[in-house]
Amino acid sequence: MAFDPDNYGLRLFVRYLVLCLIALIFIFPLVFMINSSFKPDNQLLADTSSLRAFLPVGDISLDNYFGAFRRAPVALFVLNSVLVTGATVLLSLLICSLAAFSFAFLRWKGRDVVLSIVIATLIIPFETIAIPLLLLVSKLPWIGLEGLQWGWLNTYRVQIIPWIADGLTIFLFVQYFKGLPGELIEAGRVEGASWWQVYYRIVMPLSGPVLATAAILKFLVMYNQYLWPLIVVQQENYRPIMVGLGYFFQLNVAWGEVMAYLTLITVPVLIFYLFLQRAFIASIASTGVKG
Amino acid sequence: MASKLTLSNRTGWTFALPGFALIFTFIVLPFFFAIGLSLTNQRLLSPNPTQFVGLENYRQLLGFAVVTLEPERDEAGEVVRDEAGEIQYPRLRAITRSDDYPQYRGMREWFRWQSGENVMVVIARDVVFMKALVNTFLFVLVVAPVQGGLALMLALLINQKLRGISIFRTIYFMPVVVSIVVVSLLWRFIYDGQNGLLNSILQGLSFGLFQPVDWLGDPSTALPAIMAMSIWQAVGFHMVIWLAGLQTISPTLYEAAAIEGASKWQTFRYVTWPGLRNTAVLVLVVITMQGFALFAQIDVMTNGGPRDSTQTLVFQAVERGYGKQDISGGSTISVILFAIVLAISLIQRWLTRER
Amino acid sequence: MAEVSLKGIKKSYGRVDVIKGVDIHINDGEFVVFVGPSGCGKSTLLRMIAGLEEMTEGILEIGGRVVNELQPKERGVAMVFQSYAIFPHMTVRENIAFGLTIAGASKQEKEQKVAEAARILQMEHLLDRRPSQLSGGQRQRVAIGRAITRKPAVFLFDEPLSNLDAALRMDMRMEIGRLRRQLGTTMIYVTHDQVEAMTLADRIVVLKDGQVMQIGAPMELYHEPANRFVAGFLGAPSMNFLTVDVLDLDGEAATVGNRALEPIRVATRRRPFRKDGKAILGIRPQHLRAVQSGKGMLHGVVAHAERLGSETVVDLTLRDDRELIAAFNEDKIFQPGDALELAFDTALAHLFPEEG
Ligand SMILES: Nc1ncnc2c1ncn2[C@@H]1O[C@H](COP(=O)(O)OP(=O)(O)OP(=O)(O)O)[C@@H](O)[C@H]1O
Ligand SMILES: [Mg+2]
């Protein structure tokens, strides 16, 4: 090595240099995306041959954003995604935690069998059941304001309901509940609480960390949905953001507008992530604790 | 006497039922549905009634054979050569369309190799599927060790006690929270043959010597390009899992190693790595599972091309089941995929079993 | 208020029998303490009374009512747990009022009952704190407060003081004693601390391996232990046991002795012994006296001595190489190696059959 290995300052400098270079690798596509979203198409394409690609220089404007809004009902897509994501996350927290509560604290006939089925579904990749699921939801009944209908295609519910319950979320809740001090639950029972009261007065208020984990994991899955809405939603009215991207790839691609749209749908998540990065990282780490 | 005291059948079922019913309806049922469909000839818009066809779909997908082509010979028994001196062989069609070989009917060439004077040709009933199968395995075999290894290196790097280290952790993890669709689109730009950032960077670094490559347009570079991008996107995810594993190793072990005068490498080899055994299995399995589910990158970046060089199992399952409305064909691929995944998780169970 | 009656209660986890047939009758307003070594089934017994665990066999009555299949809340019991089990996300006030909230009590009623409990336990100033801001003793008080607001018929305590340090433990012990006099409710108290058992109990139930060894008032157990286990379990330092030869037997007493012990006559208390057989002689360390040379019944050499100020505990090696502990209630100096002769009042000694 060319430098004195005992020189503390130099070693520190090299460490930080390595860390920063790696950071560049992870960050450059995003920097490129954000900067490009302000540039007209011809400049955007020309800039890729130099470092200008990563700098907000030249003919900077918000035109691409206006263009994107003109080309596609962006607000509608965002609204759809927010609605679908929000509803799924909330319902999932409620329904999965209830089921997990039952698995963790209650004794009932068939519990162990049901729990093993739930855990076994962990190894079924969604992609392998997408097509049969499509056939299934296209024939399911629904009772709405207009009476009985058949088929769930082109709705919000088809994007929400199949995603509410999943093995991983239930598993995470069960693990967490089993780690709670059992005497708290017993104290609640002796004091006269029903199981439902134990659930919402004692267990739920103590489940902040696992609720955050489950919410974040579900949020990432739902906000980034692609394959499923692609095949079950043909009507614009119900399209989420990722599928909305299709509008920007007809005939000749307006790259500036694409970048504006990508920035628009990505940056809120990034900000959300930066604020809650500890919780995000902890939630991923906790999925690794299984096994 | 089984008392009612601690048994709460009614409440237990009531609480678990909504979640279980949803899982049953939307995961378990479609799963068996897929198995059932793979045994029929169901198509979405078919005038003919659906029939049970047994394992025919699997035969269609998995059928392959090796045939040997002998050189053409003239009357004297001499090998026929063209002007360039290349040996002439009969056309494959002579076999696959011949009534002498009904078992090869409808098969197409997958790949061939030279063996002495002869040529061995592997023919398959469904060459695209075979390519998808091979590509998927190739993807997993490359990505799992590379991504897992890089993630471990990042985790070790991030596990140092340095001021501001959590900023770097935050940055390395950032691509994980970005949609894979968005990431794939951005990388289409990076990989572009004309204006691509990658070409520009490589040309800059080599002072213009580097010849631009159409990364996604060339069958020999398309799959590696997608592998590289996939590694980039999810390496932070696995870094975090490694980190969680690293944090379970007791600091006293490191202190003991330091007192024994172990070098950095020895400390890693004898303290860190043994403590990461289960994490290693987990990381590999998770990457493998994610690898077998490879779809969005393909759909956004290459659509399986060029020349089927980036076909994958899930992409084929979706393209057939949804795009071509060949429900039974798509389902069959799904079931094959599931069988592979199941085998892997059984292997994981076995590797991490209690001893 | 209520009596509690356990009839032929058994409990097994799978094949393991944890409680092997227990009969106890607890009178209304009585303070009964369950003691026994760790793992003997004290908590299991208490949790079965609370309704947290089901019984494998037997009948449990509270207030004359068979409660085998009743849920905890229907049994009229309150329980204080070893870990306190107070709810960390609620204030002290909310914790104490929890049972009332669940029962749908009015705000006024809750306020009044919480105030009363706080007064009894002297913690009015703590009501708006969170459990994390409380000391161990204060948490224990909250747990007790939560138990008393509902005016249960029976109180159950599972080692409530074992997480506290020695000084606090004594304070709380006295407090529980006071509380008990104030409320007059039936109380069942589990501990493995014999001082708690001796000072608090009307009656003590000594358990071992899921079986009752003896039930009785504290002094009855101390002075007239039914068997070697009870004899050794109560009293500190614990009773000395010497293996002796039965030299002679008559109606009421046996003459016993060995190489270290001059022959003495000890009452047999109707226990079966065999002439020329072996027996176990039990002598409490406090009952031993040092005497002049030639007048002692036991001969030994000081191995080790501990001066506690109020007491001197001496570890002796007897002539037959067995160990013996003696406790003298004065401060005395002994040197290792000193020869010592000891005497005791044979009426205070106990003779037990060799096995059991
Ligand atoms: N759920 C269970 N499954 C199997 N065995 C159990 C279970 N709970 C308790 N036991 C066993 O039952 C026996 C009695 O346990 P219990 O908790 O009643 O003991 P304890 O007398 O309260 O002891 P300690 O003083 O340590 O609290 C123990 O041997 C314990 O191992
Ligand atoms: Mg106990």
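Here's a short tour of how chain B and chain A meet, with a stop at two stretches of chain A.

Before you click, know that this is a predicted model: local features need pLDDT of at least 70, side-chain atom pairs count only at pLDDT 80 or more, and totals for chains, interfaces and linings use all residues. Residues are numbered from 1 along each chain as its sequence is written, chains are lettered from A and ligands numbered from 1 in the order in which they are written, and side-chain values use heavy atoms, leaving out hydrogens and water.

**Stop 1: the interface.** Color the two chains differently. Here 80 residues of chain B are in contact with 89 residues of chain A (contact means heavy atoms within 4.5 Å). Together they bury about 7800 Å², with carbon and sulfur atoms giving 80% of that (the accessible area, 1.4 Å probe, lost when the two parts are put together, summed over both).

**Stop 2: three phenylalanines.** Select F15(B), F26(B) and F189(B): in chain B they lose the most area to chain A, together 10% of what that side buries.

**Stop 3: helix α1 of chain B.** Pick residues 9-37; this helix gives the most to the side touching chain A, with 21 residues (helices are DSSP runs of H or I, at least four residues, numbered from the N terminus).

**Stop 4: chain A.** Which residues does UniProt's unreviewed entry mark as "transmembrane region"? Among them are 113-136 and 258-276 of chain A, though such annotations may be inferred rather than shown by experiment. Residues 113-136 are 79% helix, with end C-alpha atoms 25 Å apart. Now select 258-276: this span is 95% helix, and its end C-alpha atoms are 27 Å apart.

Note on methods:
Helix = DSSP H or I, 4+ residues; strand = E, 2+ residues; numbered from the N terminus.
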